[in-house]
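Reader: I am in my first year and still learning to read protein models. Could you take me through one small part of this one with care, and then show me what lies around it?

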Amino acid sequence: METVIISACLVGDKVRYDGKGKYNPLVKEILMKFELLPLCPEVMGGLGIPRIPSEIRSGVVINKEGEDVTHYFKEGARKCMNPISYKHCTKAILTDRSPSCGVHEIHNGRFDGGLLKGEGIFTKFLKEHNIEVYTIEEFYEEFIKNK
C-alpha cells in the first residue's frame, strides 16, 4: 500500500499553533486505499504547542510578536525528509493557508485574516524534492472519489 504524507493536524493531532487539530473526515476514506504518514514540520522544527501564530511576509516567516522564525520552518521541513525517504513517499496532502503547508494560499503576513496566493515553506520544500502536493479535497477528487 502506498504511503502518503499528510499534515498531522488533518488526522486530528493537536499540533496547530492554537493547540488544536483540524481533523478532516475525508481521512477515513483515504485510509482505505493509502497508508498515511502524519507530519508537522513546525513541531519537527522545534516550535512548541501551542505557539505564537506565524505568517509569511516577503518570503520570511514572522510570528505575531515580530520574531523571524523561518529557521524553525526550514529545519522542520528538512527533518521530515528522513521518514518521507524511508517510506518512499511521492505524494503529500497538506493544509492550505498554513505558513508551512499552504498549497495554494497563505495568510498575507499582516495577521488580519487576509489571504494571498502562495505556498508554505514545507510545500515548496516537498516540490523541490519532486513530491506532488495536494489539498485534502484535491487528493480525494484525484485518487479516491469514483475510483
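Author: In this predicted model, the hairpin of β3 and β4 has two residues between the strands, and in this hairpin Ser58 takes a positive phi near 55 degrees. The two strands, β3 and β4 (residues 60-63), pair in the antiparallel sense, and four bridges connect them. To follow one of the pairings by eye, start at Ser54, whose bridge partner in β4 is Asn63. As you trace either strand, it helps to remember that in a regular strand the side chains alternate between the two faces of the sheet.

From the hairpin we can move on to the pocket. The largest pocket has a volume of about 640 Å³, and of the 33 residues that line this pocket, Arg16, Thr95, Arg97, Ser98 and Pro99 are the closest to its centre. Strand β3 (54-57) returns here, since it is listed with α2 (41-44) and α5 (136-143) as the elements that give two or more residues to the lining of the largest pocket. By residue type, this lining divides into 17 nonpolar, eight polar and eight charged residues.

Helix α5 leads in turn to another sheet, an open one of four strands in the order β2-β1-β5-β8, with parallel pairing. Its edge strands are β2 (35-39) and β8 (132-134), each of which pairs on one side only. On average, and with direction ignored, neighbouring strands of this sheet are turned by 30 degrees against each other. Within the sheet, strand β1 (residues 3-7) runs parallel to strand β5 (residues 91-93), and two bridges join them; Ile6 stands opposite Ile93 in β5. Helix α3 (residues 70-86) packs on the sheet, where it touches β1 and β2, and the direction of α3 makes about 165 degrees with that of β2. Helix α5 also packs on the sheet, touching β1, β5 and β8, while its direction makes about 110 degrees with that of β8.

One further helix deserves a careful look. In α4 (residues 121-128), the buried residues are Ile121, Phe122, Thr123, Phe125 and Leu126. When you look at how such residues are placed, keep in mind that an α-helix has 3.6 residues a turn, so residues three or four places apart point the same way. Just after α4 comes Asn130, which takes a positive phi of about 60 degrees, and with this residue we are back at the kind of backbone angle with which we began, the positive phi of Ser58 in the hairpin.

How values were computed:
Residues are numbered from 1 along each chain as its sequence is written. This is a predicted model: local features need pLDDT of at least 70, side-chain atom pairs count only at pLDDT 80 or more; totals for chains, interfaces and linings use all residues. Side-chain values use heavy atoms; hydrogens and water are left out. On a 1 Å grid over the protein atoms alone, a cavity is a set of points where a 1.4 Å probe fits but cannot get out, and a pocket is an open set with protein on both sides within 12 Å along at least five of seven lines; lining residues have an atom within 4 Å of a point. Grid points are joined across faces, edges and corners, and a volume is the space filled by probe spheres set on the points. Ala, Val, Leu, Ile, Met, Phe, Trp, Tyr, Cys and Pro count as nonpolar, Asp, Glu, Lys and Arg as charged, and the others, Gly among them, as polar. Two strands pair if DSSP finds at least two bridges between them. Axes are lines fitted to C-alpha atoms, for helices over the stretch in contact, and angles run from 0 to 180 degrees between N-to-C directions. Contact means heavy atoms within 4.5 Å. Buried means under 20% relative accessible area, exposed over 50%, partly exposed in between (1.4 Å probe, protein chains only).
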